[in-house]
Amino acid sequence: MEIKEEGASEEGQHFLPTAQANDTGDTQFTSIQKVSNEPQLEFILACKDLVAPVRDRKLNTVVQISVIHPEEQSLIRYSSTEIVEGTRDPLFLTGVTFPPEYPIYEETKIKLTVYDVKDKSHDTVRTSVRPEHKDSPPEVGHLTDAIRKHTTVDSESQRSFLGHASFKVGELLKSKEQLLSLSLRTSDGGKVVGTIEVSVVKMGEIEDGEADHITADVQGQKCALVYECTAPESVNGKDNLPFLNSVLKNPVYKLYRFPTADNKWMQVREQMSESILSFHIPKELISLHIKEDLCRTQELKELGELSPHWDNLRKNVLTHCDQMLNLYQDILAELSKETGSSFKSSSSKGERTLEFVPVNLHLQRMHVHSPHLKDALYDVITVGAPAAHFQGFKNGGLRKLLNKFETERRNTGYQFIYYSPENTAKAKEVLSNINQLQPLIATHADLLLNSASQHSPDSLKNSLKMLSEKTELFVHAFKDQLVRSALLALYTARPGGIFQKPPSPKSSTEESCPQDQTLPMRRQDSIPHHSDYDEEEWDRVWANVGKSLNCVIAMVDKLIERDGDSKGGNGSRSNDGEKDPSLADSSTPHPREDWYAELHPLILTLKECMGEVVSRAKQSLTFVLLQELAYSLPQCLMLTLRRDIVFSQALAGLVCGFIIKLHSSLHDPDFLRQLYTVGLIVQYEGLLSTYSDEVGMLEDMAVGISDLKNVAFKIIEAQSNEVLPVVTGRREHYVVEVKLPATMFESLPLQIKGGQLLHVHPVLFNVGINEQQTLAERFGDVSLQESINQENFELLKEYYTIFMEKMPPDYMSHFQEQNDLKGLLENLHQNIQAKKRKNVEIMWLAATICRKLNGIRFTCCKSAKDRTSMSVTLEQCSILRDEHQLQKDFFIRALDCMRREGCRIENVLKNIKCRKYAFNMLQLMAFPKFYRPPEGTYGKADT
Ligand SMILES: O=P(O)(O)O[C@H]1[C@H](O)[C@@H](O)[C@H](OP(=O)(O)O)[C@@H](OP(=O)(O)O)[C@H]1O
């Protein structure tokens, strides 16, 4: 019987994605008992004694799995197995899994339809995730009618119906050993054409003696089937799930079984999930930029009077800054409309309002349950290369643009004062420190006064300690030579080179300072002229803060001492109990003093001295920043915008990777120790070519990833159910606060609980693999890739050195591991030096090193859809081969299964509404061998 007949009887069939399948709203059906957040039901299939329609014809079989929901009675296409060729007893490696949220009940019926595939190069069965009802609304259809018609007819004409069987989920679950053996019948329900076996699978750890084994034969190989055990908490981290679930969304699960070298089965579950951080982090970041830019605009306005040249420049800068602010505000407003979004598709890459959002960001997870080994999770974050697609790549990407900008700026001549990028960054840092410390010191000063008015010696001492610490930090912040030189520059930029002295504080310090701690500085009464510029004045102003703090300390000491005396205490005694003669006069009892009245004037002076320092430093450093902004407007601001966009995409991915890593390793004390002592390596695999537009993308990506070194994480206790991370700080210095629920937070080491900043060490290795890279290698230039790989190798080596220095020797579980790592690093270095074409060994080595160093893995290409899918599936199968003894002969079959029916083809589907990797034959010929998808899974769709 041909598929058309079968199709006709299943007119209402459709393929329901989990996101839409969540809610039937009914409770009259019997739910399946399930472990929270684990798939509800997983099974595998095998057929026996299939009858070929034509005698002696070898069968190539595939099973299509459909679901009949109890309340609907319509058939929904759910998934397919891979095609098994040339046997009447096929064992399918691709299983069936129903995710946690899928509406499946004991009453739900599953229909299994077996087909014989004549030409598998055409067997791309489904093209749409949505109902194929005649009357389905066009906006949910996703595909153009033309494509849908073409692909359906094309695929269906290439296979024929063999037989079908159905069962209810409850029957399977209650059956002996949770295994059903069903007769396959022709569509009229008459003839038996073979049997199909359905076996429930439960992923989990095998402990010796616990596993049941069933011997099966896969292409002549005996394999033991393993059933039902419980996954260890370290893998599932079940108690942490609500936390992870608040970040990950719309999971897709796929299940496989593969034979191991010792003829047993391993089970493998793929999971692919979106993250709401895709949108959340960009929104956080844009808000932060807006705050920072508003503050800068205000500081520019407060720069005071400037000579006409500088004043015009400032006006110009302010106008452009306002325009940029409006732009950021508009983008934020647009993004805020996207409530609940967690995915930006590859086809939205160039959308202006989504520019800050990473493309196609997902967690790609492989959970392996293999005999005699602990269950293992392998995570890779897949995401489109962080790049400014809307701005385009005509003039290159950030790496080139920033270099060009800097070189030109350095050579501009007289109109601007050149400050190096380091100095500009320093100016931003000091300004930010001032803005943070000044209010903090003011608060501590008020607390000190409060303690004074309560006449509490202990609280007075504590407040003083805090005040002293913060004031010392403050004084330290200004030690830089930059402030001094910027003050002179600003002085010369005032009208007539006149220095605008900030309002003088009242000169009360001298009078109120106890004993002989007078301030050496006498303030200038007249405004100095250029030639009069007193370079040392700044030192005096700055030193006054320290001196007035000393006055406060001395006064507090005095007050506490007198208080002790008045209570009949010992006064101030030296260690041997003798009275200190220098303080002998103050040991006579005093009546209870008004501490507040004594300290208040000193605190006022301290605040005033600080005010003067802040005012001068702020103005001079703002003047430094004016130089950067004023040069080449508006390009300079556009460059900042580009960098912000690229960074935002990179940061969203990083935060997602960090949270997932934290979640899966929270119970590992060694990991936590590594986190606060060395920080985490974050390794990016880039698959971009160094030809045409992708050169610009790679230039963007390299800067975006390198900028991630300016990010630190801080773990804080969540005060409510809201656990989404918060981004604080400013450009070039970000702190991401990750909130953990109380129980999880409590289990952390003190260092992390105490708020220690946790650092990341990003590295990028890129190897172009496509036909464009062939062109680059033959006719173009690969130097960008070479220098990126070389530079990042040095960074990786540095991390490794610190890691080996700081982590205890027993941390690397075996001595062997250390040697392995060293060898791998050397090997990576040699491969980078070798300058071989499309040397994908670089990627495998870098990824292996990252995994061994317990780092966070990323894989990126332009859209994280096609090349990325090839690479992550290859990585998964290589891990199965190297770490889980996947039988050698099954390497390619496993790879093909994952690419044909796995999560990544679903990724393609959700991006372009078509189940085909966007490659043509010509492109694939240029790919390294193991990066080519199986027949029938690629082609160009007219999207
Ligand atoms: O434009 P054509 O000739 O169809 O080439 C495609 C490539 O073959 C794919 O590799 C690109 O996708 P990835 O960047 O996910 O690999 C794919 O990127 P896109 O999905 O962003 O269009 C295309 O560049």
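Which strands does helix α18 (residues 693–707) lie across? In this predicted model, helix α18 lies across β17 (680–686), β18, β21 (758–766) and β22 (856–860). Its direction is at about 160° to that of β21. A further helix, α24 (residues 841–852), lies across β16 (376–382), β17, β21 and β22; here the angle of about 160° is to β17.

The strands just named belong to an open sheet of 10 strands with mixed pairing. Read across the sheet, the order is β13-β14-β15-β16-β22-β17-β21-β18-β20-β19. Its edges are formed by β13 (248–259) and β19 (726–730), each of which pairs on one side only. On average, and with direction ignored, neighbouring strands of this sheet are turned by 25° against each other. A helpful place to look in detail is the pair formed by β18 (residues 711–717) and β20 (residues 733–740), which run in the parallel sense and share 7 bridges. Within this pair, F713 has V736 of β20 as its bridge partner.

Attention now turns to a helix pair. Helix α8 (residues 308–337) packs with helix α16 (residues 635–665) at an angle of about 25°, and their axes are 11 Å apart. Because angles under 35 degrees count as roughly parallel, α8 is roughly parallel to α16. The crossing of these two helices, α8 and α16, is right-handed. On the α8 side, the contact involves H320, C321, M324, L327 and Y328, which meet L637, M638, T640, L641 and D644 in α16. Sorted by class, this contact of α8 with α16 has 7 nonpolar, 2 polar and 1 charged residues.

Technical notes:
Residues are numbered from 1 along each chain as its sequence is written. This is a predicted model: local features need pLDDT of at least 70, side-chain atom pairs count only at pLDDT 80 or more; totals for chains, interfaces and linings use all residues. Side-chain values use heavy atoms; hydrogens and water are left out. Axes are lines fitted to C-alpha atoms, for helices over the stretch in contact, and angles run from 0 to 180 degrees between N-to-C directions. Helices (H or I, at least four residues) and strands (E, at least two) are DSSP runs, numbered from the N terminus. Angles under 35 degrees count as roughly parallel, over 145 as roughly antiparallel, 65 to 115 as roughly perpendicular and the rest as oblique. A crossing is left-handed if the near helix is turned anticlockwise from the far one by less than a right angle, and right-handed if clockwise. Contact means heavy atoms within 4.5 Å. Ala, Val, Leu, Ile, Met, Phe, Trp, Tyr, Cys and Pro count as nonpolar, Asp, Glu, Lys and Arg as charged, and the others, Gly among them, as polar. Two strands pair if DSSP finds at least two bridges between them.
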